[in-house]
Amino acid sequence: MDILCSPHTEDIELELNSRNILNNRVLHLTPTLILYRRRLKYYARKWSLQIQVNKNSTKDSNIEKELHKYIDLYEINQFLKKLRYSSQVKTITKSEASVILERVIKENPDTNNPSWLSVLHDLGVLFYELNLSGINSVELRLFDPSKKWSQTIDIYEKYLNQLRATNVFDGAQSSFNALSDLDLSGYSELILDGAFLPISPILQLIIEKFNIQGKPITVLLPYDLETPDHPALKAVKTIYQNFKPVSEWRSIQEIKSQSHFINQLPKNIFRSDKQIYLDASLEILKFNTLEEELTYIMQKIFVLIKYKEISPKNIVIITPGAMELRPIIREISEQYNLKVHLPKRPLMHLSQGRAIKHLFDIHTDIRKERDSYFTIKMMKIILSNSLLKHSESLLNAFEKVECFFEDSVSIHDFIEKIDSLLAAKPLIDLNHQQHPLNGVDESQLNEVKAVLQHILEISSTLIKGKARTVGEHIQNLINTLETDPQIIDISPLIWERILKITDNVTNQQNITISGFEFGSRISALFTENEEFEEGDKPVEDENDIFLEKEILVTGPNNVEFQRYDYVFLCRFTQDKYPETKTHKWYSSKQVEQQILLHKTNFKISDPKILETFYLDRAMYHLYLTMRAPGTQLTISYSSMENGQPLTPAHYLHDIAKVFGVEEGNRLENKKEPSLEALLENYGVIKNPVMITAAPSTDNNHERKKADLIERSFTAEEVAIFQYCQRRFYYQSKHQSENQYTQIFHLQSYASSCLYERAIELFISNETFPVVASIDSNKQQVRLTANMKTYRRTAEEAIRTIFPFGNRQWHNVVAQTDFFLESLLKNIFENQFVKELRSNGFSTISVNMKLDNSPDIIRIDDFRFSSIKELEVQYYNRMIHRYSISNRKDILSFSSKNYDEADSMEEIKNWYFNFKREFRSKSEAVVNVLNEVVAAVKNGDFKKNTGGHCMYCTFNKICREREVDL
């Protein structure tokens, strides 16, 4: 075995160029598909004349096919797939293997539970790797004495037995058997291009087969022998010194690093005290949120491509968990018309695809407890004009009442709730103007019910059919979509993709499966036949195998031997770097250590050594990232994600040390600034302003005046004006839209209605005045108990019009009781009563009545009113007044945003003071009312933006009509 080293991919290609590979067939394997593509491009460029491909009539994809006539260049998993396809044995697909594994798990009462069923996919991956290792189950069982591993091997053995009973092999077994029988006589050499970390048992088998036949093996490593002690290279050294001592490795490095900071950074990070002058080739950016971070990066890439004419192929976005960021990167890139190397949205992620999937989820979801499983989210997808024919306004109508379905988990629950809403609809009167049912017609509720019933009918038909092959199930689905008169026309794009999937699964004829089994894996099945794996060719442009027009988005582990002008290293936070190697609860690191120990040259005697190796590998991957940029490296991170504060990765200390900035000892002196603060102070870390489009030069557009005819306002509406003038305008202009639809608002609204009705019953049924001992709370306790009785009586009517689940209604009752008790406490324990006690009074007489006469203030043609319905009189002299209906209106200024809690409390206190002073027409009150008058006359209403906006009942209309104000 020859081990040739250079950190530069150009040196590797010079070495390949010096070999007569075209006439001496070699097996050339890479660890990643991205490196495979680079080498494919190199060979195509080198042998473009020899392979004689007519480019005018042949697609680029045929270049790949033509090249394979001369050289077996593969990514390692591609090579195993090729062996599997060439095998003559009956091989089942991943989907079919998954069905067999699920049956095995469900047959055993000890494993037929959510804990095991929820890891079905991961178990399939594990069993694939075990089958590739070639280790028998008896030996595997000895690798870990734990009960969970013993259970795992029990499942594995039953899975293998089931495969034998069905007379089929899974993909791993076929690949392993084909490799074991592989005739190497046609190969002159094995080239391992890049660092395989660690060497897998199947790759070890390939190496041993070449060694046994005495065929040469060449390893091409991204290793810098000029710095053999570099900590970042330790992982490579750990693996490959088992094949050959480092002293016998040979350097083929000829390319010399340039003098820019980013060219010197890889050699000096983690190891040297030598300081390097920092230049513009490195920038470090800090953002508030991940969305801001990714948006800025895409904006900057847009500028690089459009104005600096940088080719997209010379730009890469590197981020941990690249797969999970696909949706947000795709969305932002589409805004800037940038083509990124991501697969098109899987069929199951499109609205019609999701709706189709939900037809099966109704019966197959693991969370199903009753006859079916159904959620608000599923209902909204189906109503978004994606599957069934219905009125255009139906989704909007459902969204207004969706919070009543919070606890509904089946179609039966949904239908029952619709019936409850239909019963409540006629009971809504003028006292419930903010009730969401005011915005929904009875006919719309009946239409939602009809949609639910039809969904259940279609779903049951698909699930309860006879056992079929996967292809037959898909054909049955297609027939249903084509023939059901209530299903809307499926878009041509969706049809094309479904039919393409049908073509791809024609080989899945090895076993028949039930409708339930098909439905439970339809998402994985459809995705499996559509998506490319990370680093594989994009579905967007199948002809462009060289990615000339796309920006690559990938992980730090995928940039080995790659070179780009601009590298954007994202999410550089402590929770992402170093990348961690995790093991599932049913398979420990001890199992992996034992497999490597028994089947590879990596002779590790302790799982802790394996753990250290993976930490070293994480450092190596970061080192590769530092090697990738040619012009500029941009490191970015956000300080917040999902409400949780983040800190930059500790590797920032290693980077800063290279250019001479280090953090002081903050353990001894807490006043020492953090490294982040130091770098911000020096201007190294920047918080950039977003690049924005040039402002419009059209000065002919005049802002429309917000005309408001209304001239009569309540004290509560004036409080809303203080809170947000724009909301005040919308509430006056579009009162019909003022309905509470969010659960925390609606619960409070129901509580307000219950509170008001309970007090009305209390006043009309209790005997007044009440004479009570001033030093005893006996009457207060009695009235509080009676008040709860009236509340229970009021519930009979109020709960009918607010058909919440038990959980939500419990919150309504608890909130109502709190305010009722607080009211009585204010009546019997206020400052006036305390003064009576201090003046020697032994008893107190309290009379209560309801008075709906408002206080009025007029300014010009404007009329302002304030009402406090509950009048409490002490000894027929002192009168205190309390509002009991205002809680329904002051819900307007409330928010679940905890950062705004103080401002919410401040506006509420202002409102209470304003209402107290309204009766006396104080100067402060009149001044506020004059502000309202001026705003209405001028048609100018300022907007108070903040987190509370998302809870505003006019949120949607406010965003839609922003330009008009």
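This report describes the overall make-up of a predicted protein model, and then turns to two of its sheets, one pair of packed helices and two single residues.

## The protein as a whole

The protein contains 38 helices and 21 strands, and its C-alpha trace spans about 115 × 70 × 65 Å along the principal axes. Of its 965 residues, 53% count as buried. If one takes the contacts between residues at least 6 apart in sequence, 78% of them join residues that are at least 24 apart.

## A parallel sheet and two helices across it

One open sheet has 6 strands, which follow the order β3-β2-β4-β5-β1-β6 and are paired in parallel. The strands β3 (72-75) and β6 (250-251) stand at the edges, and because each has a single partner strand, one side of each is left without a neighbour in the sheet. Strand β1, made of residues 2-5, pairs with β6 in the parallel sense over 2 bridges, and in this part of the sheet cysteine 5 stands opposite serine 251 of β6.

Two helices lie across strands of this sheet, and the table sets them side by side.

| Helix | Residues | Strands it lies across | Angle |
|---|---|---|---|
| α1 | 9-17 | β1, β2 (26-30), β4 (189-193) and β5 (217-221) | about 155° to β5 |
| α2 | 33-46 | β2, β3 and β4 | about 155° to β3 |

## Helices α7 and α10

The axes of helix α7, residues 120-133, and helix α10, residues 171-180, come within 8 Å of each other and cross at roughly 15°. That angle makes α7 roughly parallel to α10, because angles under 35 degrees count as roughly parallel. The crossing of these two helices, α7 and α10, is right-handed. On the side of α7 the contact is made by Tyr128, Asn131, Leu132 and Ser133, while α10 contributes Gly171, Ala172, Gln173, Ser175 and Phe176. Sorted by character, the residues of the contact of α7 with α10 comprise 4 nonpolar and 5 polar residues, with no charged ones.

How is α10 placed with respect to the rest of the structure? Since 7 of the 10 residues of α10 are buried, the helix is largely enclosed by the rest of the structure. The buried residues of α10 are Gly171, Ala172, Gln173, Ser174, Ser175, Ala178 and Leu179, and they pack against α4 (76-86), α7, α9 (147-166) and α11 (201-212).

## A mixed sheet with a hairpin

Another open sheet has 3 strands in the order β15-β19-β18, and its pairing is mixed. Its edge strands are β15 (712-714) and β18 (855-859), each of which pairs on one side only. From one strand to the next, the twist averages 20°.

Strand β18 pairs with strand β19, residues 862-866, in the antiparallel sense over 5 bridges. Two of the facing positions can be named: aspartate 855 stands opposite serine 866 in β19, and isoleucine 856 has serine 865 of β19 as its bridge partner. The strands β18 and β19 form a hairpin with 2 residues between them, and in the turn aspartate 860 has a positive phi of about 55°. As general background for looking at any such sheet, the side chains in a regular strand alternate between the two faces of the sheet.

## Two buried residues in helices

Serine 459 lies in helix α20, which covers residues 442-463. Is serine 459 buried or exposed? The relative accessible area of serine 459 is 0%, and the residue is therefore buried, the cut-off being under 20%. When its neighbours within four places in sequence are left aside, serine 459 is in contact with Leu359, Ile362 and His363.

Leucine 678 is found in helix α28, residues 675-681. With a relative accessible area of 14%, leucine 678 also falls under the 20% cut-off and so counts as buried. Apart from its neighbours within four places in sequence, leucine 678 is in contact with Val661, Glu662, Glu663 and Pro673. The C-alpha atoms of leucine 678 and arginine 468 are separated by 66 Å, and these two residues lie 210 residues apart along the chain.

Methods: Residues numbered from 1 in each chain as written. Predicted model: local features only at pLDDT ≥ 70, side-chain atom pairs only at ≥ 80, totals over all residues. Heavy atoms only, no water. Axes fitted to C-alpha atoms, helices over the stretch in contact; angles between N-to-C directions. Helix = DSSP H or I, 4+ residues; strand = E, 2+ residues; numbered from the N terminus. Parallel < 35°, antiparallel > 145°, perpendicular 65-115°, else oblique. Left-handed = near helix turned anticlockwise from the far one by under 90°. Contact = heavy atoms within 4.5 Å. Nonpolar A, V, L, I, M, F, W, Y, C, P; charged D, E, K, R; others polar. Pairing = 2+ DSSP bridges. Buried < 20%, exposed > 50% of the residue type's maximum accessible area, 1.4 Å probe, protein only.
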